[in-house]
Amino acid sequence: MVQIIKDMDELKTFLKAAGCKLVVVEFSAKWCGPCQRIYPLVHAMSLKYQNVMFANVDVDASQELAQIYHVKAVPTFQMFKQTQKVTLFSRLKRAICCYGSGFVGEQIFEFCGADAQKLEAKIQELM
């Protein structure tokens, strides 16, 4: 089942209740076509993966949460374990500065878009 989250207090309570379980938070909007298409798939995953907790935040109804979590597009998925955001990807960036050059790993804590296969693969990897 997907829990609807309306504010920061509800999200904090939800994350604490999850304990060591993976938490998948979908930031979406009612007017968003891709959000409408992926929501039933996310709901199906919530039934399939009983050891993963799922939540949904409507970015229009919960603008404060969307701002705090830097949501710039919908749908956006962020995942948490033990109340902390999980790094979903690592992207290497070439950095050149006055001290020379080197590789810097940039951590990616979210992904955007309605790609159910990508979401499910990441859930399976992290649970």
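Going along the sequence, the protein runs through the pattern β-α-β-α-β-α-β-β-β-β-β-α. That gives 4 helices and 8 strands. Keep in mind that this is a predicted model, with a mean pLDDT of 85 for the protein. Here's a quick tour, with a longer stop at helix H1.

**The protein as a whole**
- Of the 127 residues in the protein, 39% are buried.
- Take the contacts with a separation of 6 or more: 71% of them come from residues 24 or more positions apart.
- The accessible surface adds up to about 7600 Å², and carbon and sulfur atoms own 55% of that.

**Helix H1, up close**
- Helix H1 covers residues 8-18, and its buried residues are Met-8, Leu-11, Phe-14, Leu-15 and Ala-18. These buried residues sit on the same side of H1, because they take up an arc of only 125° around the axis.
- Flip to the face turned away from that buried side, and you'll find the exposed residues Asp-9, Thr-13, Lys-16 and Ala-17.
- So what covers the buried residues of H1? The cover includes strand S1 (2-5), strand S2 (22-28), strand S3, helix H3 (63-68) and strand S4 (76-81).
- Look at the start of H1 too: a side-chain oxygen of Asp-7 comes to within 3.2 Å of the backbone nitrogen of Asp-9.
- Just past the other end, right after H1, Gly-19 has a positive phi of about 60°.

**A loop residue to find: Thr-87**
- Thr-87 lies in the loop between strand S5 (84-85) and strand S6.
- Is Thr-87 buried, partly exposed or exposed? Its relative accessibility is 32%, so Thr-87 counts as partly exposed, since that value falls between the 20% limit for buried and the 50% limit for exposed.
- Thr-87 and Glu-110 are 23 residues apart in sequence, and their C-alpha atoms are 7.7 Å apart in space.

**How far to trust the model**
- Across the protein, 83% of the residues reach a pLDDT of 70 or more.
- Which elements mark the two extremes of mean pLDDT? Strand S3 (residues 52-58) has the highest at 97, while strand S6 (residues 89-97) has the lowest at 44.
- Over residues 91-104, pLDDT stays under 50, and the model has 18 contacts beyond four places in sequence for this stretch.
- Where pLDDT is low, don't read the predicted coordinates in detail.

Note on methods:
Residues numbered from 1 in each chain as written. Predicted model: local features only at pLDDT ≥ 70, side-chain atom pairs only at ≥ 80, totals over all residues. Heavy atoms only, no water. pLDDT = per-residue confidence, 0-100. Contact = heavy atoms within 4.5 Å. Buried < 20%, exposed > 50% of the residue type's maximum accessible area, 1.4 Å probe, protein only. Areas by Shrake-Rupley, 256 points an atom, 1.4 Å probe, with all protein chains shown as cover. Arc of directions from axis to C-beta. Polar contact = N/O pair within 3.5 Å; in protein donor to acceptor, adjacent residues only side chain to side chain.
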